[in-house]
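This report goes through selected features of the model shown below, taking each with its surroundings in the chain.

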Amino acid sequence: MNDILSRVFSFEQHVFPNQAELYSRLAHDGQSPKALMISCADSRVVPEHIMQAEPGDLFVCRNAGNIVPPYAQANGGVSSTVEYAVMGLGVRDIIVCGHSDCGAMKALDMDDQLARMPNVAAWLRHSNAARQVVDENYPHQCGGERVRSLAMENITAQIDHLRTHPSVASALARGELTLHGWFVDIHAGVVLGLDGASGLYKTLRADRPLPVAVARPARENSEAAWLEAAE
Ligand code: ZN
């Protein structure tokens, strides 16, 4: 049997019994995850591993390129997961997580290969903004440096898409949601966070404030705020 498939028996025999109390509580009380993480499907980027998360901690959506289609696009798995996480589970943080050496970002430059993979090609159109930003603003980059810039600009583009979702926009307006953009450097084992105010990625450090991509203070009285703005 495939080695990795046989490890399921280890889960049944060792892992689950050792966490029986936790699983019992989650099964009885239901889940209340602390964050939604939208990450690339790459096997080297494992959200629960990076976050050192226990069962019940993290709601996770993974796909090639950590993409969030804009709301106006056809309904799909990512849109439904975002809506349920915000409306149904009330998560307070959403993390869009990309990484170095991302195959999806490399594929943006491989038109000949994409011609044989029409679904991938259609999916990666959601990252066209990132490609154009890099093409026009970092035209001299190539190789790993270009892939890294594509991944970082793609995180920004997907956070912009996330804000088109009504559930996200509304929770941001209430000050109940914070959006994060993380870049995992799988070569160095470090995580960089997008600082939305400066547009820069900063290394996450325990002794520094966590950089956030979008942190919207609550509108205490939205009607009054609009009236003030109009005067
Ligand atoms: Zn990737």
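## A buried arginine and its partner

R146 is buried, with a relative accessible area of 12%. This is a predicted model, and in it the side chain of R146 meets that of D109 in a salt bridge, at 2.7 Å from N to O. The pair links distant parts of the chain, since D109 lies in the loop between α6 and α7 (111-114) whereas R146 belongs to helix α10 (residues 143-162), 37 residues apart. D109, for its part, counts as partly exposed at 40% relative accessibility, while R146 falls under the 20% limit for a buried residue.

## The zinc site

The zinc ion is coordinated by the SG atom of C40, the NE2 atom of H99 and the SG atom of C102, at 2.0 to 2.3 Å. Along the chain these donors follow the spacing C-x58-H-x2-C. Distant parts of the chain are linked by the pair C40 and H99, with C40 in strand β1 (residues 35-40) and H99 in strand β3 (residues 93-99), 59 residues apart.

Both of these residues are classed as buried: C40 has a relative accessible area of 5%, and H99 has one of 0%. As water is not among the atoms, a site such as this may look incomplete, and the list of donors is best read with that in mind.

## Salt bridges

The count of salt bridges comes to 11. One of them joins the side chains of R44 and D101, at 2.8 Å from N to O. R44 lies in the loop between β1 and α4 (47-50) and D101 in the loop between β3 and α6 (103-107), so the salt bridge ties together parts that are 57 residues apart in sequence. R44 is partly exposed at 43% relative accessibility, and D101 is likewise partly exposed, with a relative accessible area of 26%.

Another salt bridge is formed by the side chains of R174 and E176, at 2.9 Å from N to O. Here R174 is partly exposed, with a relative accessible area of 40%, and E176 also counts as partly exposed, at 32% relative accessibility. Elsewhere, salt bridges that share partners join D42, R44, D101 and K106 into one network.

## A nonpolar surface patch

V8, F9, F11, V15 and F16 make a nonpolar surface patch of about 390 Å². Among them, V15 lies in helix α2 (residues 8-18). V15 is partly exposed, with a relative accessible area of 34%, a value that satisfies the requirement of over 30% for residues in a patch.

Methods. Residues numbered from 1 in each chain as written. Predicted model: local features only at pLDDT ≥ 70, side-chain atom pairs only at ≥ 80, totals over all residues. Heavy atoms only, no water. Patch = residues over 30% accessible without salt bridge, like charges linked within 9 Å, V, L, I, M, F, W, Y side chains within 5 Å. Areas by Shrake-Rupley, 256 points an atom, 1.4 Å probe, with all protein chains shown as cover. Salt bridge = Lys/Arg side-chain N within 4 Å of Asp/Glu carboxyl O. Helix = DSSP H or I, 4+ residues; strand = E, 2+ residues; numbered from the N terminus. Buried < 20%, exposed > 50% of the residue type's maximum accessible area, 1.4 Å probe, protein only. Donors = N, O, S within 2.8 Å, 3.2 Å for Na, K, Ca; no water.
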